[in-house]
Amino acid sequence: MPRAQKTPPAPAGLDSKSRALWRRLCLAMQAQGTWDLSDSLALERLVRSVEVGRLARARIAARAKRGADGAYLTRGSQGQLVQHPDLKTAREAERDAASYAADLLLSPRARAQYKLGLEHDDADDLGGDIDRALRLLKG
């Protein structure tokens, strides 16, 4: 197993959930032997994309609680019904995050393709953390 490295601090401007995700993903990449400090910018793009998608989905959910009419659709400039911009934002952010996760070998498919397995420790299932984080991307 690779020697554990110090986890770099999360980038400025991330909320608490995103800072926690940053730390979990850094630890996961260290555990699978793929972490390098040069990956910091790519990991930041991944975490920021997850955050943007999560916040857009939260706004959609808040509108849905007030009434389903405005959750996914809104009126366009000509009065026609159009997809709400938050839905497009969430989908694009989630798609971007999934792509960044694959680039960093953090998706189950990428790990399998490169035959990367995590050594599991009963006290800290990092592989499960990665998979749970990626499931959040899919809504």
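In this predicted model, the largest nonpolar core comprises 16 residues, and L25, M29, L43, L46, V47, L104 and L106 are those with the most contacts inside it. Helix 1 (16–31), helix 2 and helix 3 (85–103) each contribute at least two residues to this core. M29 offers a handy view of the packing: once its neighbours within four places in sequence are set aside, M29 is in contact with T34, W35, D39, L43, L104 and L106.

Helix 2 deserves a closer look. With 27 residues at 1.5 Å each, helix 2 should span 39 Å, and because its end C-alpha atoms are 39 Å apart, expectation and model agree. The buried positions of helix 2 are S40, A42, L43, L46, V47, S49, V50, E51, G53, A56, I60 and R63. Just after this helix, G67 adopts a positive phi of about 150°.

Charged side chains add a further set of links. Side chains of opposite charge can pair when their charged atoms come close. In total, six salt bridges are counted. One of them joins R57 and E94, with an N to O distance of 2.9 Å. R57 belongs to helix 2 and E94 to helix 3, so this pair ties together parts that are 37 residues apart in sequence. The two partners can be placed by their relative accessibility: R57, at 28%, counts as partly exposed, whereas E94, at 10%, counts as buried.

A second salt bridge pairs R59 with D86, whose closest N and O atoms are 2.9 Å apart. Since R59 lies in helix 2 and D86 in helix 3, the pair ties together parts that are 27 residues apart in sequence. R59 is partly exposed, with a relative accessible area of 39%, while D86 counts as buried at 11% relative accessibility. D86 also forms a salt bridge with R63, and here the closest N and O atoms are 2.9 Å apart. This pair links distant parts of the chain, with R63 in helix 2 and D86 in helix 3, 23 residues apart. R63 is itself buried, its relative accessible area being 14%. Through shared partners, the salt bridges join R59, R63 and D86 into one network.

Turning to the surface, Y72, L73 and L81 make up a nonpolar patch with about 300 Å² of accessible area together. Y72 sits in the loop between helix 2 (40–66) and strand 1 (73–75). The relative accessibility of Y72 is 44%, so this residue counts as partly exposed.

Methods
Residues numbered from 1 in each chain as written. Predicted model: local features only at pLDDT ≥ 70, side-chain atom pairs only at ≥ 80, totals over all residues. Heavy atoms only, no water. Patch = residues over 30% accessible without salt bridge, like charges linked within 9 Å, V, L, I, M, F, W, Y side chains within 5 Å. Areas by Shrake-Rupley, 256 points an atom, 1.4 Å probe, with all protein chains shown as cover. Salt bridge = Lys/Arg side-chain N within 4 Å of Asp/Glu carboxyl O. Helix = DSSP H or I, 4+ residues; strand = E, 2+ residues; numbered from the N terminus. Buried < 20%, exposed > 50% of the residue type's maximum accessible area, 1.4 Å probe, protein only. Core = buried A, V, L, I, M, F, W, Y, C linked by side-chain atoms within 4.5 Å. Contact = heavy atoms within 4.5 Å. Expected span 1.5 Å × (residues − 1).
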